[in-house]
Structure formats: structure tokens, C-alpha cells
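Visitor: I am new to this structure. Please take me close to one part of it, then show me what surrounds that part.

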Amino acid sequence: MDKILSRDGTSIAYRRRGEGPPVVLVGGALSTAADGAPLAALLAPRFTVVTYDRRGRGASGDGGPYVVRREIEDLAAVVAAAGERVSLFGMLSGGALALEAQAAGLPVELLAAYDPPYTPGATGLLYKSRCTALLHRLLAEGDRGGAVELYLSRTGVPDETIARMRRAPLWSGLEAVAHTLAYDDALLGDGSVPVARFASVTARTLVVTGGFSTAQARGTTLDLAAAIPRARHRTLTGQTRELAPHVIAPVLADFFSRPVHARQAS
């Protein structure tokens, strides 16, 4: 993997695949650049696809204390390394990061996000507040496994599946990046959709959800599409939070292949 320094001096690791217009993939909670490899491989015949380890994960550094601005600066460094006219795709909380970065002025013309996990509404905000408090307590106590369990249960993974995962080799990798769950939690603020902030997103944006995503996720993506000035919404039939790379790849390829004059006219 190549490395680049973020503004605060933190080393961020990234990998390029393919040839063509650059596309940067932004992973969600607990993910590393390796998790984006299947989608990157599908897009690589038409694009230069860049995957990267967000700070605190994989081969990237972890300068602290964490603030959202530093993750935006990390993404800005990766985008600068990727080339000109970069497009972004953010998965789950990676979608929230991509939107926050573009709202802060990251020069991106095309942006796609899948199910950014905001939790608007009185019940959702209360649930988010309680989960945030519990997550910070678990991490402060050094209970990385408990923090991973909390995240998985929040996202609908059944208890019996979590128990099997705990016995699998992948569990140690999840615990290794468990502290970054606090970073993703911070990205989502209090859980509400930041309507006023995202009104400043200038990129043409595709907000995507799955036909089998939760009702809350589907509603949230509609709220996001309404808040972003140049956004449209799309539902992928049969998809859940675990988005299949072969399903999203052609959607992204079509969206990111729009000719320049069409981008400017929209």
C-alpha cells in the first residue's frame, strides 16, 4: 500500500486499482481497505479505484484525540493523491464522512452514499444517546469485544450469529479496530440528519438504500436526498445493510461515468 500524510501528520495508507477516472471508496464502521477490494475489483476495468484505511485501522496511523475534522482532512489527502475530478462512494458511516467532507468544501463533483446510519426522531435520538454512552463506557473499560458486540447488535446481527463470530478468526481483527467505533459514532453526531449543513453539499449526489434495509434506513435516505440540493434517491431491490458488490457496482459505474457537460448542466 502507498501512504500519504494527513494535515496533522498522521500516515494514511491507500491502494490504487485499475485505470480511468478516479473513484475513492470510503468504508464504514470496522472496515478497512481490504473490505473494499471486491467492489474495487469490479470497478477497476473502468476507473482508477482508491481504497484506504481510515485512521486507526489497518496500516494507517491514529493521531489523537479524535475530531471529525481530522477524518475530513484524511479523506482530503487521499482525494488529492487520487488525482483530478475524483468521485466518492461512502458505505454506511463512510457515506456520512463523504457527505461531511463535501459539505466542508472537498472538491468532489459526484458523490454516492449507501444507507448513512443516522437515527432521526425522538426514539432514534434517545437510542443513539444511550448507545453512545454505553460504547464509551465499554471502550474506557478496555472491553473491545463488548464494543464490537454492541455495534453488531445495533445493526441487527442476531445474538447467535455474534456468538459464532466471536469464535471465528475474524473476531480478533474486529477487536483490533474496535476503538474506531467511537470515531464513527462521533461522525453521526446526535443521530439527526444534519439538514442545514448538508444544504451546502454541491456535488451531484446519489443516495442509495436497499429494498430490504430497515424502514428507518429507507426513511433516512429519503430525508438526506431531500436535504441535499442536487441529490436523487434510488432503492436497490433485494439489498440489505450488507450490500452486494455486484449489485452496486453497475449503479456506481453508470453514475460516475456521466460526461462532463452532463455534470455541469445538472
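Guide: What follows starts at one strand, β7, and works outward.

The model is predicted: local features need pLDDT of at least 70, side-chain atom pairs count only at pLDDT 80 or more, and totals for chains, interfaces and linings use all residues. Residues are numbered from 1 along each chain as its sequence is written, and side-chain values use heavy atoms, with hydrogens and water left out.

Start with the strand itself. Helices and strands here are DSSP runs, numbered from the N terminus: helices are H or I with at least four residues, strands are E with at least two. Strand β7 covers residues 204–210. Of its 7 residues, 7 are buried, so the strand is largely enclosed by the rest of the structure. Buried means under 20% relative accessible area, exposed means over 50%, and partly exposed lies in between (1.4 Å probe, protein chains only).

Now look at the side chains. In a regular strand they alternate between the two faces of the sheet. In β7, Arg204, Leu206, Val208 and Gly210 point one way. Thr205, Val207 and Thr209 point the other way. Both sets are buried.

Next, the neighbours. Two strands pair if DSSP finds at least two bridges between them. Strand β6 (residues 110–114) is joined to β7 by 5 bridges, and the two run parallel. Across that pairing, Leu111 stands opposite Thr205. Strand β8 (residues 231–236) is also parallel to β7, with 6 bridges between them. There, Thr205 has Ala231 as its bridge partner. Val208 is partnered by Arg234.

How does the chain get from β7 to β8? Helix α10 (residues 215–227) belongs with these two strands in a right-handed β-α-β unit. Right-handed means that, with the strands pointing away from the viewer, the path from the first strand over the helix to the second runs clockwise. Helix α10 lies across β7 and β8, at about 170° to β7. Such angles run from 0 to 180 degrees between N-to-C directions, with axes fitted to C-alpha atoms, for helices over the stretch in contact. Contact means heavy atoms within 4.5 Å.

Another helix also reaches the strand. Helix α11 (residues 245–256) lies across β3, β5, β6, β7 and β8. Its direction is about 160° to β6.

Step back to the whole sheet. It is open, has 8 strands and mixed pairing, and its order is β1-β2-β4-β3-β5-β6-β7-β8. At the edges stand β1 (2–5) and β8. Each has a single partner strand, so one side of each has no neighbour in the sheet. From one strand to the next, the twist averages 25°.

Two strands back in that order is β5 (87–91). Ser87 is found in it. At a relative accessible area of 3%, Ser87 is buried. Leaving out residues up to four places away in sequence, Ser87 touches Pro22, Val23, Val24, Val108, Leu110 and Phe256.

Turn to the nonpolar packing. A nonpolar core is a set of buried Ala, Val, Leu, Ile, Met, Phe, Trp, Tyr and Cys residues joined through side-chain atoms within 4.5 Å. In the largest one, of 38 residues, Val24, Tyr52, Leu75, Leu88 and Phe198 touch the most other members. Elements giving two or more residues to this core include β6 and α10. A second, separate core has 24 residues, among them Leu25, Phe47, Leu110 and Phe255.

Finally, the loops beside two of these strands. Most residues other than glycine have a negative phi, and most peptide bonds are trans. Asp115 sits in the loop between β6 and α4 (122–140). Its phi is positive, near 45°, and it is not a glycine. Asp115 is buried at 5% relative accessible area. Leu92 lies in the loop between β5 and α3. Leu92 also has a positive phi, of about 55°. With 10% relative accessibility, Leu92 counts as buried. Elsewhere, Pro65 is in the loop between β4 and α2. The bond joining Gly64 and Pro65 is a cis peptide bond, with omega about -5°.

Back to the start: β7 is a buried strand, with parallel partners β6 and β8.
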